[in-house]
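Reader: Can we go through the sheet and one helix pair in this model?

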Amino acid sequence: MLPAGSMGVRKISHPLLLVRNLKKYFPIKAGVMQKVVGYVKAVDGVSFDVYRSETFGVVGESGSGKTTMGLSILRLIEPTEGEIIFDAPSEVMMEIKKLETKERLSDRDKKRLEELKKRYDLMKKDKKEMRSIRRKMQIVFQDPYTSFNPRMNMRDNIGVILKTHYPELSGKDIDERVLELLEKCGLAKRHLRRFPHQLSGGELQRASIARALALNPEFIVMDEPTSALDVSVQAQILDLMQELQKDMKLTYLFISHDLSVVHYISDKIAVMYLGNIVELGTTEQVFEEMKHPYTKALMESIPYPDPDKKGTIKPLYGTIPSPRNPPPGCKFHTRCPYAKDVCKKLAPPLVDVGDGHLVACWKYVEGAYK
Ligand SMILES: Nc1ncnc2c1ncn2[C@@H]1O[C@H](COP(=O)(O)OP(=O)(O)OP(=O)(O)O)[C@@H](O)[C@H]1O
Ligand SMILES: [Mg+2]
C-alpha cells in the first residue's frame, strides 16, 4: 500500500488560497425561446483554505462538481458567486482569517475585511488583471491528447505560451526554455520536434506538466492527471509531481476519484458530494478517522488497498442524484443508512469535530440528531 500523504513532514506555511462560498450554477434552458427553467448546481457553496506548498486533494464521485470547482477557482469558467482570495501577502491572509473567525465584528472590522477582500478577491479582477494572475495559476487536465494542438510539435505547443506572455523572447530563447522545461519533466531533446500523436500517454502528460510550468506558476490545479494512464506510469507521474513540488515550492489542488492516488499524494483532502464539501481534513483524519457516512461509503465502494478496513463499513447504495434537482436537506440523505428527520429537512453545517477536521453531518451537531 502507498504511504499516506507521502510528501512527508507536515509543512508550516500560510494560506495561498482562500475559497469562500463558491458557487457555480449552470442554467438549464428549454423551448424555442431557450427560457431558463432551472439550474444545475454543480458547485453549491464550498469554502476551504489551501496552504502554500501543500497538496490539497479533492475526491468525489463523477458529477460531484470537482472539475467545475477547479475551473471556477481559475475563473476559466465564471463562478456564479463566492470569493477567491489568492496570493495575498501572508500577513494579509492571516488577518483575513483572524477577522473571519472573530465572534463579533465591529464596524471597523467589517470595513477592513471588506477592503482586504476587495483588493485580493479574484472575482473582483477584470479580464486583463486575470490574464496576468493566471501566470501563477495553471491547470493540467486528464486527457493530454486533447489539450495539445495536434498540428504543432511540442516545441511550438509549449513555446506559444511563452511567446504570448513574453513577446520579447527570441526563437532561440524559446528553444532553450522549452528544452529546459521538458528535461525538468523527464523528457529529452528528441521530444522537442515530436507531435502529440508521436508521444505515449505518460510522455504527453509529462509535456502537459512542462507546459503548466512554463510561466513559473505557484498554484496548479491537477484535474485527474493520472486517470488516463497505466498504473505503472501513474506512479512515475505522481513522483514527478512531488519532485517538482519540492523543487519549485508548488501548491497543488489535486482532483481525483481514485482514493489510493489521493491518499498517496495529498496533505489534506476534501470529499465532495453533489457540489458540497461533506468532509475536510488532513489525509490521516479523512482516512483514519473518517466521520461522514458518505466518506465511509466511498472508501468501501472504491477499491482501497487497506484490508483492515474492509467489511467494517456499509456499502454505498443507490446512484448519485442529479444536481439539477438535488434532494432537500442533507443531499446525501437519500443514500444514507443513518438519515433521520432533520437530515431530510435541513442542510447540515460543516462543523469542526476536532483539530480542524470538518464534517457536514447532523450526527456531529450536538443535540440535532435525535
Ligand atoms: N458546461 C456545463 N453545462 C451544464 N452542466 C454542466 C457543465 N459542466 C458540468 N456540468 C454539470 O455539473 C455537474 C458537475 O460536473 P463536473 O464535471 O464538475 O463533475 P466532476 O466531479 O468533475 O465529475 P467527473 O469525475 O466525471 O469528472 C455535473 O452534473 C455536470 O453534468
Ligand atoms: Mg471532472
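Author: The sheet comes before the helices here. This is a predicted model, in which local features need pLDDT of at least 70, side-chain atom pairs count only at pLDDT 80 or more, and totals for chains, interfaces and linings use all residues. Residues are numbered from 1 along each chain as its sequence is written, while chains are lettered from A and ligands numbered from 1 in the order in which they are written.

Reader: What order do the strands of the open sheet take?

Author: The order is S2-S1-S4, with antiparallel pairing. Strands (E, at least two residues) and helices (H or I, at least four) are DSSP runs numbered from the N terminus, and two strands pair if DSSP finds at least two bridges between them.

Reader: Which strands stand at the edges?

Author: S2 (35-51) and S4 (81-86); each has a single partner strand, so one side of each is left without a neighbour in the sheet. The twist from one strand to the next averages 20°.

Reader: How many bridges join S1 and S4?

Author: Five, with S1 covering residues 15-30. Leu17 has Phe86 in S4 as its bridge partner.

Reader: Helices now. At what angle do H8 and H9 pack?

Author: About 15°, with the axes of H8 (residues 201-213) and H9 (residues 231-248) 10 Å apart. Axes are lines fitted to C-alpha atoms, for helices over the stretch in contact, and angles run from 0 to 180 degrees between N-to-C directions. H8 and H9 are therefore roughly parallel (under 35 degrees; over 145 is roughly antiparallel, 65 to 115 roughly perpendicular, the rest oblique).
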